[in-house]
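The following exercises concern chain contacts, helix geometry and backbone conformation. Each task is followed by a worked solution.

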Amino acid sequence: MTGPEQPSLRLRLAILIVVVACLFGALFARLWFLQVINAPKAQAVAADNGVRLIYVQAPRGRILDRNGNVLVGNVNEPVIEVDRQQATQAPDMVARLAPLLGMTDKQLRQAINNLQYSPYAPVPVMPDATPQQILYIQENQDLFPGVRATSMSVRTYSPMGKAAANIVGYVGQINSAELAKLKGQGYQAGDQIGLAGIEATYEKYLRGSPGVERVQVDSSGRVLDTLGTTQPSPGHDLKLTIDGNLQVVAQQALAQGLAAARHTFDTVTRRDFQAPAGSAVVEDPNTGQILALATDPTYDPEQFVGGISDANYKNLLNNPSDPLLDRSIQGQYAPGSTFKLVTGTAGLKYGLITPYSIFDDTGRLQIGTFPAHNDNFEAYGPIDLAQAITVSSDLYFNSVGLKLWYGRNQYGDEALQNVAREYGFGSPSGLALPNEAPGKVPTPASYLKDHQQHPNIFTESQWYPGNSDQLAIGQDELLVTPLQLANAYATFANGGTRYVPQLVQDAQTAAGQVTTAFAPKPVTNIGLQPEWRSALLAGFEGVVNNPKGTAYNVFAGTPLAGVGIAGKTGTAQVNAPRQATSVFTSFAPVSHPQYVVDAFMEDSGYGSAVAAPVVREIYDALFHFPPQPVSYTSGGSGGQN
Amino acid sequence: MLKSDLPAPGASARRQPRMPGIWRHFDVVLVLAAVLIGAFGCVMVYSATRDQLQAAGVSPTYFLKKQAIFMVIGLVVMVAVAAIDYRRWRDWAVLIYGFCILMLVAVYVVGHKSKGAQAWFQFGSYQMEPSEFAKIGLIIALAAYCAAARGRLSGKSLAVVLVLSGVPFVLIYKQPDLGSALVLAAVLVAVLLIGGASGRHLGLLGLLVVVIAVAVVHFGVLKAYQQARLTSFINAPDQPNLALLRTQAGATEYNVAESKIAVSNGGITGQGLFKGTQTNLSYVPEQRTDFIFTAVGEQLGLAGSAVLLLLFLLVVWRTWGAARLARDSFGTLVCVGVLAMIMFQVFENIGMALGIMPVAGIPLPLMSYGGSAVLATFAGLGLVLSVRMRRFT
């Protein structure tokens, strides 16, 4: 190469500049693609890249009783919070804070790094801090950068609220399954959510909407700027149909009744009654509103505040008396003679009996080869429908059940069962609480199906006349919940309209302004003829007010004898070794019923013995009489079932 | 020189500049383009660093001031190099080359380790990166050797050239700094192309490169991360899963994905200086150095990026012009070497930010923060200026 004019060199230099041009061309083309064609897509990604949302939970709505008494409220609990970002930059602070809180460095660091909390919000490391700890931090704030002694809103329960634990339920931290399901509604890990009772079913109203803070963060998560803040809007208060005072009375009456039964000797099983549990329901028959829904044993919802300890939760779960079970809606019992309402209605409806037809109760009824009899082998002689209810003649209703079965070609296989369903048995009532039990109304079809599915448990596949005979007096495989029974009697008491039992009247703001009102919900009218109703009514009235009535002894001589209470006892037989379930259901005043009250007492004997006195104490409160403590009313003469 | 020292006859005397004749051929366009790029770089270094510095409680202009000082020193170096006759370097080529190799060996022994590579000498708060200067040293050495071959490189000469380049290549590659080593390779290829390697040799060389490349990928000469870097741009999905990538922060895919988003986010007019959500919030890593182009792309958009590319094009074009105008083949080859050095760095660096080139840690000339690179680039441009100034002498 002698000079730049050499053709080969010029060619090679030309190649070089062409390569240069190509390379720049490639860069320009790529820039065009990214910044013109790809820009809209990338801008969306970039906008999302630097913004994080911090959710601030809204104060939860309170739960009030029908008179405005607070059942569940909120209280600000002192809490110590640590800013995660500052904690990582100040190891000295962690070393100082740990001994103050009685933790090791490691424990505190674990608490700070608890992933359940948003990395952009302060982490509560010490709920329920002592005033001394709070004061020390506030006075020496310069030693604790990023530490805040503040307060956290937690649930608090009044004595009425504790008596209503089964109704109000409790809140707890949202779990990952729920979180995945509810992410779209703005739930965050660490959020509180209703887990049981009204807290769960009315979560939507109680929760309010969380505040959202939009912050700009850099790639290492440092918060640089707040872009916007939406204030949390507090949850709504719920006003229940429950009367808090009455709930307390019902709860106490149950506890007294169970205690009394446990000290009473059962002549049938030759030991004291076990009386492990009981429940009571008070309903307004004209609206379906529930005034009290008591179950015993129960639990203290305070245990769930701030997260229940594993030990406490295990205790609740493994307790043989199952305090978490709300027996008023989840307990399923044979109703015994209280079911005669249904059998009587069915007999009248299908024309097997009239209000005036007389049945000669001889004390014996042959069903095939099986001789049926009344309790204590009583023979009540010639009786009409009302008398049959008052004295609780089994044979009267056995015969109705048999006639329905023998006439099944005319009335259908499930004539009695259909009336039971109209009264609401066999399916959940629709009360707004989780996990309500459906009960069971056995039929020939259910016998066959159960046997096919579980031949070892349900050994019998066939329905016999004896099944109809037993169903007619509330036995066989019939199961009802205390709430279903109360609602059935409420349907009868109001003249035939069955309502969905109601627990919540309205949702309102903290200032008391109603935002949502919940109206009574009628489900069906069962077509109760007035003359049927008055005949049955006379029978129920006699139970309490006629000296031959099975619950006469319980109310006679008390102020309540004058209010006009109608009722029905039930003594439901349960497979040995269990003892009879004591059942009593009632309504008052007879002329224009305002209240339906029932009680179910497990392993406690006759309906008149414990359940009726429990109901009596509830009526004392309803009619403002001085309470008559529950005492065990030992079996009087004559049938008491 | 003598010619222009003589007073011009007649009226034209007044138009004669007072400067010595060679300065009449001082390439003002090239210098202006370089200064503009440097100033551009200072602004972008400031934009990329001020928020982080502020957050750390340091003066937000810390890096800006240092980079500006490098620029001023660099300009002085450039003018000083331009003032020296480039042919002197040919005479000193062996010395210069030897000195560069010595430095590379020394840094291997006593150098300062940073970010996993032993590539720096530490002087107080300043670091010196000999590999940057080795690029200039190799350009001079190759140009001197090839110029002596008078346009016809024999097979033996070719072997010598390969060894000359291979020694610093291996030393730098071992630091490890694959990027800078590849710059040397680019310089070698360009000098061979212009310096008269036969087509056959060039073809053989190309074949050799392919064989080595395949061998390297297959036999694990490269470290896993190097291999990942080199191939990630091929495998990069259109819609990177950023959430996944962030869990292995620092992963190459993350850098490239964030960088592409940042550049795209700029659109045509950009998000505005200091307003890049990606770059100003440090989603893009290493942005004052290797990924500085993303700051330009996001904050100034296609408009700013295009201006920057045109400035680089101007620098390369003027360098190419100097190569064409050079009085001798040594001058031509020096210019071609500098051209290759700058061109490769621009294309590799910007191409990486745009996701069309593999990730290799190469500074963007005159833009990326770093004194050694700035000084070396200005020195290279000083050589180009010197060649052009002395095209008639």
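**Exercise 1. The contact between the chains**

In this predicted model, 31 residues of chain A are in contact with 41 residues of chain B, contact meaning that the C-beta atoms of two residues, placed from the backbone, lie within 7 Å. Local features need pLDDT of at least 70 and side-chain atom pairs count only at pLDDT 80 or more, whereas totals for chains, interfaces and linings use all residues. Residues are numbered from 1 along each chain as its sequence is written, and chains are lettered from A and ligands numbered from 1 in the order in which they are written.

Task: Determine which elements give two or more residues to the side of chain A that touches chain B.

Solution. Elements are DSSP runs numbered from the N terminus: helices (H or I, at least four residues) and strands (E, at least two). Those giving two or more residues are α1 (7-37) and α2 (39-49) of chain A. Of the elements, α1(A) gives the most, with 16 residues. By class, this side of chain A has 21 nonpolar, 6 polar and 4 charged residues. Here Ala, Val, Leu, Ile, Met, Phe, Trp, Tyr, Cys and Pro count as nonpolar, Asp, Glu, Lys and Arg as charged, and the others, Gly among them, as polar.

**Exercise 2. A helix of chain B**

Task: Compare the expected span of helix α15 (residues 371-389) of chain B with the distance between its end C-alpha atoms.

Solution. The expected span is 1.5 Å times one less than the number of residues. For the 19 residues of α15(B) this gives 27 Å. The end C-alpha atoms are 26 Å apart, which agrees. As to burial, 18 of the 19 residues of α15(B) are buried, that is, each has 20 or more other C-beta atoms within 10 Å of its own; 12 or fewer would make a residue exposed, and counts in between partly exposed.

**Exercise 3. Cis peptide bonds**

Task: State where B:Pro176 is placed and what omega is for the peptide bond from B:Gln175 to B:Pro176.

Solution. B:Pro176 is in the loop between α7 (155-173) and α8 (178-195) of chain B. The bond from B:Gln175 is cis, with omega near 0°. In chain A, the bond from A:Ala588 to A:Pro589 is also cis, with omega near -15°; A:Pro589 belongs to the loop between β24 (581-588) and β25 (595-601).

**Exercise 4. Positive phi**

Task: Decide whether A:Arg270 is buried or exposed.

Solution. A:Arg270 lies in the loop between β11 (265-266) and β12 (271-272) of chain A. Its phi is near 60°, a positive value in a residue other than glycine. A:Arg270 is exposed because 7 other C-beta atoms lie within 10 Å.
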